[in-house]
Amino acid sequence: MAEFDILVTGGTLPDGTRADIGITGATIAAVGDLSGSTAGTEIDATGDLVSPPFVDPHFHMDATLSYGTPRINASGTLLEGIALWGELKSSTTVDAMVDRALAYCDWAVSLGLLAIRSHVDTCDDELKGVTAMLEVRERVKPYLDLQLVAFPQDGFFRDPTARANTLRALDMGVDVVGGIPHFERTMDEGRASVRALCEIAAERGLLVDMHCDETDDPMSRHIETLAYETQRLGLNGRVAGSHLTSMHSMDNYYVSKLLPLIAEAEITAIPNPLINIVLQGRHDTFPKRRGLTRVKEMHAQGITVGWGQDCVRDPWYSLGTGDMLDVAFMGLHVAQMTAPEEMRRCFDMVTTENAAILHLDGYGLAEGNTASLVVLDAGDPIEAVRLRPDRLAVISKGRVVSTKARNDSQLTLEGRPPSVRRRHSA
Ligand code: FE2
C-alpha cells in the first residue's frame, strides 16, 4: 500500500489497458493496479480514457485571437493573410500579444493541450513578437511547455533585416530555427534560405522547423533541399518540415524518390489540416485540390507525421478552438484515414508522435515520467476523435490544472426513452 499526492483510478490508457496512476510531486510514481493506495487527491476515471497530454507541433501564438484586427482576410488566401498580419504587427503592442497568448494558453490547458511549438515572427526590427512570446514562455512554464521557433515570416532574404533579426531572436533565447523558402522571391533564393538557416542551426546546435512548400505548386520542392541540407550538415532527426502541401500535386515518380530521402534524413512532417484545407486550392476551379500533403504515403515510409493546429482566430483562419482533437478529426477526413488503425493513429499523432517531433523529455504515462495527463469522457482513442469530448481533469507537472464536471444530463427526445448517449462505451 502506497501513498501518493494524486491517484487517478480505473482509467483506460490509449493502448486499451486499465491502470491506476499514482503521482508524487511532479513525477508519475506508479502505473498499474494500485488498489489499497491512498492519496491527497483521488480522481475516479473508471470508464474514461486517460491519455498523456495533447501536443501541438505548429502554432502562431503571436497572431492568435486577433481575428478581425484590423480587418478580415477577404480572399481567404495565405498571401492575403501574410499581408494582413503585416498590417497588424506594425500596430499591435507587446502587451496585447501577451494578453492574447495567455488567453489562448488558458483555452489550451482546459483542453489538455500542455505543450505547444509556436513560430514567432522575426521580421520586425523591434522584435515585439519575440519579446512577448519569451515573456509568455516564462509565465506559462509551471503548467505549459512553450517551444519557440524563430520564423522570418517576410522571407529570410526577401526582408532586408530578417537575417539580423532572426539571429537576434535566437540570441534572446528562441529555441528553434524556422524559415519560409516558398515565400522568398525565387526558387533559388528559397533554396539558399534553407541552406543558410540549416547552417545556423548546425552552428548553434538547434532544432529546425521550416514552413516548407506551403503552396499548390507541384514544382515547389524545397523539402528536397531541406532533406539534402539535413544530411549534409548531420542534422538527422532534428529537422521538421511543416505543411509540405505542394507534395499533394507533385509527380508520382518524383515523390517515389523524394519520400525515401525524407526518411533517410529522419525529417518529421507537420501537416496542418484545418488550415491546409482552407487556404490551399484557392486558385483552383474544379476539380479543387484538398491541399493536404501525402500523410499515409509518408507513414508507409516510416516517416513521423504529426497533426498541427497552426492558427486559431487570426489573419489566416477565422475559427479554431485549441482542441487538438478537432485537428485530428479534420486530418482523419482529409487524409481518408478511416481504417481502425488509421483512426487510432490520428490520436497518436496529436499526442505521442507530436511529442517526439518536439523532442519532449519525460513524456508519456510511465513510471518516472512527468506527471502530466488528461482524463477524457470517452472510452478509447477513436471515440475521443469522434466525439471530441469533455476533458474531465487535466494534470500538469503534478498539479490538477483544470476540471470539468461530468455531463450526465440526458437528452430527451419525444417518444424515445430518456437515455440517449453518444458514447458507445458508457
Ligand atoms: Fe504556420
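**View 1. The open, parallel sheet of the predicted model.** In this predicted model, seven strands pair in parallel to form an open sheet, and their order is S6-S7-S8-S9-S10-S11-S12. Strands S6 (54-59) and S12 (268-270) stand at the edges, where each has a single partner strand, so one side of each is left without a neighbour in the sheet.

**View 2. Strands S7 and S8 with helix H3.** Strand S7 (residues 113-121) runs parallel to strand S8 (residues 145-151), and seven bridges join the two. Within this pairing, Val120 stands opposite Ala150 in S8. Helix H3 (residues 128-140) packs on the sheet and touches both S7 and S8, with a direction that makes about 165° with that of S8. In helix H3 itself, Arg139 forms a salt bridge with Glu135, for which the closest N and O atoms are 2.8 Å apart; because these two residues are four positions apart in the helix, about one helical turn separates them. Arg139 counts as partly exposed at 46% relative accessibility, and Glu135 likewise counts as partly exposed, at 32%.

**View 3. A buried salt bridge between strands S7 and S10.** The side chains of Arg117 and Asp209 meet in a salt bridge with an N to O distance of 2.8 Å. The pair links distant parts of the chain, since Arg117 belongs to strand S7 and Asp209 to strand S10 (residues 207-212), 92 residues apart. Both Arg117 and Asp209 are buried.

**View 4. A salt-bridge network involving helices H5 and H6.** Arg195, Glu199, Glu229 and Arg232 are linked in a network of salt bridges, in which the side chains of Arg232 and Glu199 meet at 2.9 Å, N to O. Arg232 lies in helix H6 (residues 222-232) and Glu199 in helix H5 (residues 187-204), so this pair ties together parts that are 33 residues apart in sequence. Arg232 is partly exposed, with a relative accessible area of 34%, and Glu199 is partly exposed, with a value of 27%.

**View 5. The interface of domain 1 and domain 2.** The domain assignment gives domain 1 (3-52 + 364-403) and domain 2 (54-357), whose C-alpha centres lie 30 Å apart. Contact involves 23 residues of domain 1 and 22 residues of domain 2, and the area buried between the domains is about 1,800 Å², of which carbon and sulfur atoms give 67%. Val385, Arg388 and Arg391 supply 33% of the area that domain 1 buries against domain 2, more than any other three residues. Three salt bridges are found across this interface. Arg391 also forms a salt bridge with Asp323, the closest N and O atoms being 2.7 Å apart.

Technical notes
Residues numbered from 1 in each chain as written. Predicted model: local features only at pLDDT ≥ 70, side-chain atom pairs only at ≥ 80, totals over all residues. Heavy atoms only, no water. Pairing = 2+ DSSP bridges. Contact = heavy atoms within 4.5 Å. Axes fitted to C-alpha atoms, helices over the stretch in contact; angles between N-to-C directions. Domains from an automatic or database assignment. Buried area = accessible area lost by both parts, 1.4 Å probe. Salt bridge = Lys/Arg side-chain N within 4 Å of Asp/Glu carboxyl O. Buried < 20%, exposed > 50% of the residue type's maximum accessible area, 1.4 Å probe, protein only.
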